[in-house]
Amino acid sequence: MIYSRIIGTGSYLPEKVVTNADLEKMVDTNDEWIYARSGIRERRIAGEDEFTCDLAVQAAQNAIQAAGIRNDGIDLIIVATTTADQVFPSTACLVQQRLGISGPPAFDVQAVCAGFLFAIDIADKFIRSGSARTALVIGAETFSRIIDWTDRRTCVLFGDGAGAVILGADREPGILSTHLHSDGKYKDLLCVPTGVSRNYERVKAGTAYTTMEGGEVFRWAVTAMSDIIDETLDANHFDRNDLDWLIPHQANIRIINAVGRRAAIPPEKVIVTVDRHGNTSAASVPLALDESVRSGRISTGQHVLIEGFGGGFTWGSALIRM
Ligand code: COA
């Protein structure tokens, strides 16, 4: 049997830090409200000339270096993003060109904040089927570009960043299982209701912004992300005590804490970066994973459950042996 394993992780954050105090100067809000409701203190925002592809390439290069492979050893590139540089080609093709790789398939996956889980699932299947041996999987976003910076209900929550992993073929399983779900009937609760084919005039006017029913999204995120923990553990006949770490999507500390409580995972096993990153959508999980690997919290042989939840709704998880 062939399995996929994570053989390297990387991430990248734009230099510009925007604190809650900075936001107080832009909208009618304050640090106390933002921190109490979301757990966020600051987020990174891409520079005007910095695009999703730039963030993705930096994260990819760090992951490639950690894996100790050559760029030409990569035979699959998947980028999970909601904020592609261009309508086409895909951001994955732009990354491929920047890395000097020619030939292997490169494509984007769009499942908003759950995108990285969808991308990992696909890459794992490519490797298990023998279609690829080494995959570069990236979650990268410049979510700040689809935020209305005059809307205090949304602008305080999001940030920009990128995270990446290299998956390699192995006789020992690294990705133990993946689980994906979507339910399009909730499409209006969290969305940018505009694009190329619909309401394009808003794109031209520069008002293609994220809208959200915060309370509904909150409830759904908690239910979906705690239920999928049970689904993942059951599929692997795992007890929750066998888990070393949980990396939930970093949207909001209250969602993260509620998921941990419902799933009976102690807080000391739950990775939290939302205080410094905000919600970086598809980048949030690989960013948190890379930080935890590099800081030595997550180590080889440990079991990590990663999970995401986003607009659609979409949600997914993976159980990983590092
Ligand atoms: N600063 C100060 N006040 C704010 C504010 C801000 N940034 N944003 C909203 N408010 C106000 C509201 O206008 C409202 O005032 P009102 O009662 O006078 O109308 C009040 O705060 C309470 O708003 P409410 O929406 O009820 O707050 P909440 O406790 O539900 O928290 C969220 C709002 C958005 C933080 C919360 O619903 C949430 O976290 N939802 C999930 C969001 C998310 O993670 N989405 C991405 C998932 S991938």
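Colleague: What makes the crossing of H3 and H4 left-handed or right-handed?

Modeller: In this predicted model, the crossing of H3 and H4 is right-handed. A crossing is right-handed if the near helix is turned clockwise from the far one by less than a right angle, and left-handed if anticlockwise. Helices here are DSSP runs (H or I, at least four residues), numbered from the N terminus.

Colleague: Why are H3 and H4 called oblique, and at what angle do they cross?

Modeller: The axes of H3 (residues 52–67) and H4 (residues 91–98) cross at roughly 55° and come within 9 Å. Axes are lines fitted to C-alpha atoms over the stretch in contact, with angles from 0 to 180 degrees between N-to-C directions. Under 35 degrees is roughly parallel, over 145 roughly antiparallel, 65 to 115 roughly perpendicular and the rest oblique, so H3 and H4 are oblique.

Colleague: What makes the pair of arginine 37 and the ligand a polar contact?

Modeller: A side-chain N or O atom of arginine 37 lies 2.6 Å from a ligand oxygen atom, and a polar contact is a pair of N or O atoms within 3.5 Å. For arginine 152, a backbone N or O atom is 2.9 Å from a ligand nitrogen atom.

Colleague: How much of the ligand does the protein cover?

Modeller: The protein covers 70% of the 970 Å² of accessible area that the ligand has on its own, by the Shrake-Rupley method with a 1.4 Å probe.

Colleague: What are the numbering and confidence limits?

Modeller: Residues are numbered from 1 along each chain as its sequence is written. Local features need pLDDT of at least 70 and side-chain atom pairs 80 or more, while totals for chains, interfaces and linings use all residues, and side-chain values use heavy atoms, without hydrogens and water.

How values were computed:
Polar contact = N/O pair within 3.5 Å; in protein donor to acceptor, adjacent residues only side chain to side chain. Helix = DSSP H or I, 4+ residues; strand = E, 2+ residues; numbered from the N terminus.
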